[in-house]
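Good morning, everyone, and thank you for making time for this. Please have a look at the sequence and the model while I talk you through a few places in it.

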Amino acid sequence: MNIENLLEKTLTKPQYEAIKILGGQFHKKGTRAFLVGGTIRDLLLEREVSDIDIIVEADPWNLIHKFDPKYPLDMISNSQFNTCKIKILDQAVDLAMARKEIYPASGALPVVTSASIEDDLGRRDFSINALAACINPPNWGEVLDLYRGLEDLQLKHVRILHAGSFKDDPTRIFRCIRYSGRLGFSVEGDTKTQLLNDSTYLAQLSGVRITNELAKVFSEKNANSIFDLMDQFKVLGHIHSGFPKEPEFSERKSLLENIRIPTPEFVFYVLISLIEPNQRLDLIKRLDLGNKLSKFGTDLNRIERLEVNSSRSEIFKQLTEVSEIAISVAESYAPRELRSSLELFVNELKTISLCIGGEDLMAIGIPQGPKIGDILSKILTYMIDSGPQTKSGQIRMAKKFFSDS
Ligand code: CTP
């Protein structure tokens, strides 16, 4: 198959020109060069191509330094893994050397050696990502399809290349679900069986790798439906055993769908809210989510412990240190009574403050020390429960609390 016409039709003009130049230059340097991975997959699906990924059978960084100087290139970055990022005609392009990968253990990073394009396609996750199109001028647009990727694009399913794929790299479990959700593809039968069997390997992944994959899921346009797919494939249970059992989980999740999702970070808040309170800090530790999210988990537990019929000052005391984000997430699923308490806190109690401070108390003869804080807090509690007081009223109360103490 040759996709010469598709390249011209689907790529933007600058993308097309940039690829033409690179193909020509790599050819002159005697190496084969191919569009690969998501670039060719999206081209064949006639979707907009956002990233240009090119594989060459040599170290690309060495070669681009020998390119004809009439083509200005910006060298953006180079990594020790023989991959580099450049800009040509204002187009960012990822270049990589064709490689083979050996996984020393499930979930570990692979050991990489140089290889042919054929080997490189064989190390990939799914057949729809294991397609390549040559960009050397004599073979411009010729598709290399060693794993029936074209057929799978037609069949609209995601299929792994070999049975050990998920075990080698369990992040592929997230990737499989993400592509299925994004492209509206099914997961091919054997791949599905393998995915369900191999989900236990998710336990081998570091917290950071899981978090990265979840962040990618949550950056997708249809993150909610991908989240549902993760639920169907029972992936969340393998990340942490504390995710609530059905039907609570589905009920909560559908309530949370009403929240607009502005950032992937926000979804981690939602995820934490979906787990049993006594497991939250453990999940946060497992996923390496850091201090901000630990505080969020603690805050959520604090909110959920708020008793029905608490007094105004008890509500204030319980919520005063709690972050706004924890309150707004809890508001989305809290039962009616708790929601009223949260609204009362946000709209009214939080805005109540004293107009006197420690110096005012010292000025009326109360000695410096912990008593000052106690008295100020008692006045604030009184005002929260019984209504506002003028400055002189607050001073009068301070004198009374001091003499009673
Ligand atoms: N890849 C893989 N296994 C992984 C990650 C990546 O085999 N765990 C391969 C796939 O062939 C993939 C390519 O590396 O197509 C590039 O990876 P990435 O940029 O993550 O994916 P894209 O295919 O470009 O897809 P996306 O549109 O999500 O960026």
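I will begin with the domains, go on to the ligand, and finish with one helix and two loop residues.

Please keep in mind throughout that what you see is a predicted model. The chain is divided into four parts, namely domain 1 (4-150), domain 2 (156-238), domain 3 (240-350) and domain 4 (358-404). Where domain 2 and domain 3 meet, 11 residues from domain 2 and 10 residues from domain 3 take part in the contact. On the domain 2 side, the elements that contribute two or more residues are α10 (207-219), α11 and α12, and of these it is α10 that gives the most, with seven residues. If you sort the residues on that side by character, you find six nonpolar and five polar ones, but no charged ones.

Let us now turn to the ligand. Which residues surround the ligand? They are G37, G38, D51, R124, D125, N129, D169, T171, R172 and R175. Two elements, α3 and α8 (171-183), each give two or more residues to this shell, and α8 gives the most, with three. Here the character is another matter, since the shell holds six charged and four polar residues and no nonpolar ones. The shell also draws on two domains, with at least three residues from domain 1 (4-150) and at least three from domain 2 (156-238).

Next, please find helix α18, which covers residues 324-333, and in which A326, V329, A330 and Y333 are buried. These four lie on the same side of α18, because they cover an arc of only 100° around its axis. As a general reminder, an α-helix has 3.6 residues a turn, so residues three or four places apart point the same way.

Finally, I would like to show you two residues with an unusual backbone angle, and the background is that most residues other than glycine have a negative phi. E46, which is not a glycine, has a positive phi near 55°, and this residue sits in the loop between α3 (37-44) and β2 (52-56). Is E46 buried or exposed? E46 is exposed, because only 10 other C-beta atoms lie within 10 Å, and the cut-off for exposed is 12 or fewer. K234 also has a positive phi, near 60°, and is found in the loop between α11 (223-232) and α12 (235-239). With 12 C-beta neighbours inside 10 Å, K234 counts as exposed too.

Conventions. Residues numbered from 1 in each chain as written. Predicted model: local features only at pLDDT ≥ 70, side-chain atom pairs only at ≥ 80, totals over all residues. Buried ≥ 20, exposed ≤ 12 C-beta atoms within 10 Å, placed from the backbone. Near = placed C-beta within 6 Å. Nonpolar A, V, L, I, M, F, W, Y, C, P; charged D, E, K, R; others polar. Domains from an automatic or database assignment. Arc of directions from axis to C-beta. Contact = placed C-beta atoms within 7 Å.
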